[in-house]
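Biologist: Could you take me through this model and tell me what stands behind the words you use for it?

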Amino acid sequence: MALSFMNHNPWIFAFGLLGNIFSFIVFLAPVPTFIRVCRKKSTEGFQSIPYVVALFSALLLIYYSTLNADEFFLMTINSVGCFIETIYIALYIAYAPKKARIFTVRFVLLLDVVGFCSILLVTQFLVKRAYRARVIGFICGGLSVSVFAAPLSIMRRVIRTKSVEYMPFSLSFFLTLSAVMWLCYGLFLKDLYVALPNTLGLAFGMAQMILYGIYRNAKPAGSSDEQKLPQHKAEIVMTTPEREEHQNQDQHPPAAPRDDASPTTLIICNHEKYCMDNNQAPPMVKCEA
């Protein structure tokens, strides 16, 4: 099948192959995250929704590729994607807290099992064969648009915080390359259900890289250095009532004798202005200009 349309148009084969390579790299992007999850045996608050939706999208694209004779490369990469996303979901369920685990299992059953099987049965028995590929293509296109629009929240966060910590350049770069390959693949194949969603993906990918170039050296918002109060040197001296009376005999009249002999703390500050302005200073503060 692949060789037939390669002989018909080698550009379709070239862009389809490159699309598989770059999409495979994008599928492997969460690997460092799940390596950390396995080491710490905790999902650390990560959400499972992107992986469940990605599995649903891959299942639909496999089904769509079976309805079109020339969609060989869509079938290959999405078959690999189903396998990879299933591993991600299994690892998430293994290490997620109980509440997140139950939610993920329910979401998988609702979307990837009930949802996909419902679409499969409805299109097989209620939609004529001539229109079946259009219906599935429309559903896949809408889902792809929602997936491509997901980074809008990350882009908004980058603009607000002026930090690209949560938008790595490598992921944006390979997402953009993948969108370019599949856009060209759809155009040469004259498949608008593949080309149009990737046009939006290309636009969002370029916007992410532009934002990265703008804010990669910017100072994050809220990280401005706070004005620090001047530091003042103080010397803490442990004194007894007799020693304190001896030190203050030239400055103050003699005080009444004290009954207890417990030591007191004398704080000597070397900053004159601070001592003059400090109206709330404790009674045992002695200032030396």
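What follows is a short talk about helices, burial and contacts.

Modeller: This is a predicted model, where local features need pLDDT of at least 70, side-chain atom pairs count only at pLDDT 80 or more, and totals for chains, interfaces and linings use all residues. Residues are numbered from 1 along each chain as its sequence is written, and side-chain values use heavy atoms, with hydrogens and water left out.

Biologist: What makes the span of helix α9 agree with the expected one?

Modeller: Helices are DSSP runs of H or I with at least four residues, numbered from the N terminus, while strands are runs of E with at least two. The expected span is 1.5 Å times one less than the number of residues. Helix α9 has 21 residues (169-189), so 30 Å is expected, and its end C-alpha atoms are 30 Å apart, which agrees. Just after α9, K190 takes a positive phi of about 60°.

Biologist: Which residues of α9 are called buried?

Modeller: Buried means under 20% relative accessible area, with exposed over 50% and partly exposed in between (1.4 Å probe, protein chains only). The buried residues of α9 include W182, L183, C184 and Y185. Their cover includes α2 (10-27), α5 (72-95) and α10 (192-215).

Biologist: And what does V53 touch?

Modeller: Contact means heavy atoms within 4.5 Å. Leaving out residues up to four places away in sequence, V53 touches F107, L111, L143 and V147. V53 sits in helix α4 (residues 49-66). V53 and L111 are 58 residues apart in sequence, yet 7.8 Å apart in space, C-alpha to C-alpha.
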